[in-house]
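Work through the exercises below with the structure open. Try each task before reading its solution.

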Amino acid sequence: MTLLITVFAAVIVTVVWYTRPDSKMRLGTLCLMYWGASLMWFVDAVAEYIDIGADYFAPALSDMLNDSYLGLSVIALGLIIWLVAVLVKDPSGRLKAALTNRK
């Protein structure tokens, strides 16, 4: 489930990034993070398949639920890291303007 969730997120962000290549929101960074996570989960899936064989395709319900939570946590962590990167870069200068116009 972690692989499936991260691949879906990577594909969605890639499509958004591809349709808006001139965006200043650093979507390429988010795209690379999700594709990196997908690659990591793919290698993990292959290693687990080599270890346990065909039983890999019949996981218990609790394992699927735990994997789903982990996949959603990875997506949320990627969004948080991306948000911090966007705020630090401040592409439109709004954060700087809001901080300097204090009274």
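The exercises that follow concern a predicted model.

**Exercise 1. Fold and overall shape**

Task: Count the helices and strands of the protein, and give their order.

Solution:
- Step 1. The protein has four helices and zero strands.
- Step 2. Read from the N terminus, the order is α-α-α-α.

Task: Set the radius of gyration of the protein against that of a compact globule.

Solution:
- Step 1. For 103 residues, a compact globule would come near 13 Å.
- Step 2. The protein has 18 Å.
- Step 3. Now take the box along the principal axes: the C-alpha atoms fill roughly 65 × 30 × 15 Å.

**Exercise 2. Surface, burial and charge**

Task: Find what share of the residues is buried, and what share of the accessible surface belongs to carbon and sulfur atoms.

Solution:
- Step 1. Of the 103 residues, 20% are buried.
- Step 2. The accessible surface is about 7700 Å².
- Step 3. Carbon and sulfur atoms account for 69% of that surface.

Task: How far apart are the mean positions of the positive and negative charges?

Solution:
- Step 1. There are 8 positive and 8 negative charges.
- Step 2. Their mean positions lie 34 Å apart.

**Exercise 3. Helix H2**

Task: Test the span of H2 against the expected rise per residue.

Solution:
- Step 1. H2 has 26 residues, so at 1.5 Å a residue it should span 38 Å.
- Step 2. The end C-alpha atoms are 37 Å apart, which agrees.
- Step 3. Look at the buried side: Leu-27, Leu-30, Cys-31, Tyr-34, Ala-37, Ser-38, Trp-41 and Ala-45.
- Step 4. The cover over these buried residues includes H1 and H3.
- Step 5. Just after H2 comes Gly-53, with a positive phi of about 75 degrees.

**Exercise 4. Helix H3**

Task: Check the length of H3 and identify its packing partners.

Solution:
- Step 1. H3 covers residues 61-89, which is 29 residues.
- Step 2. From first C-alpha to last, H3 reaches 42 Å, close to the expected 42 Å.
- Step 3. Buried in H3 are Ser-68, Gly-71, Ile-75, Gly-78, Trp-82 and Val-86.
- Step 4. These buried residues pack against H1 (2-19) and H2 (27-52).
- Step 5. Just after H3, Asp-90 has a positive phi of about 50 degrees.

**Exercise 5. Two residues of H1**

Task: Is Thr-6 buried or exposed? Which residues does Thr-6 touch?

Solution:
- Step 1. Thr-6 sits in helix H1.
- Step 2. Buried means under 20% relative accessible area. Thr-6 has 0%, so Thr-6 is buried.
- Step 3. Beyond four places away in sequence, Thr-6 touches Tyr-34, Ala-37, Ser-38, Trp-41, Val-74 and Ile-75.

Task: Trace the surroundings of Trp-17.

Solution:
- Step 1. Trp-17 is also in H1.
- Step 2. Its relative accessible area is 37%, so Trp-17 is partly exposed.
- Step 3. Not counting residues up to four places away, Trp-17 touches Leu-27 and Gly-28.
- Step 4. Ala-60 is 43 residues from Trp-17 in sequence, and their C-alpha atoms are 36 Å apart.

**Exercise 6. A loop residue**

Task: What is the phi of Arg-26, and where does Arg-26 lie?

Solution:
- Step 1. Arg-26 has phi near 55 degrees, a positive value in a residue other than glycine.
- Step 2. Arg-26 is placed in the loop between H1 and H2.
- Step 3. At 32% relative accessible area, Arg-26 is partly exposed.

Technical notes: Residues numbered from 1 in each chain as written. Predicted model: local features only at pLDDT ≥ 70, side-chain atom pairs only at ≥ 80, totals over all residues. Heavy atoms only, no water. Helix = DSSP H or I, 4+ residues; strand = E, 2+ residues; numbered from the N terminus. Rg over C-alpha atoms; globule rule 2.2 N^0.38 Å. Buried < 20%, exposed > 50% of the residue type's maximum accessible area, 1.4 Å probe, protein only. Areas by Shrake-Rupley, 256 points an atom, 1.4 Å probe, with all protein chains shown as cover. Lys, Arg positive; Asp, Glu negative; His and termini not counted. Charge placed at Lys NZ, Arg CZ, Asp CG, Glu CD. Expected span 1.5 Å × (residues − 1). Contact = heavy atoms within 4.5 Å.
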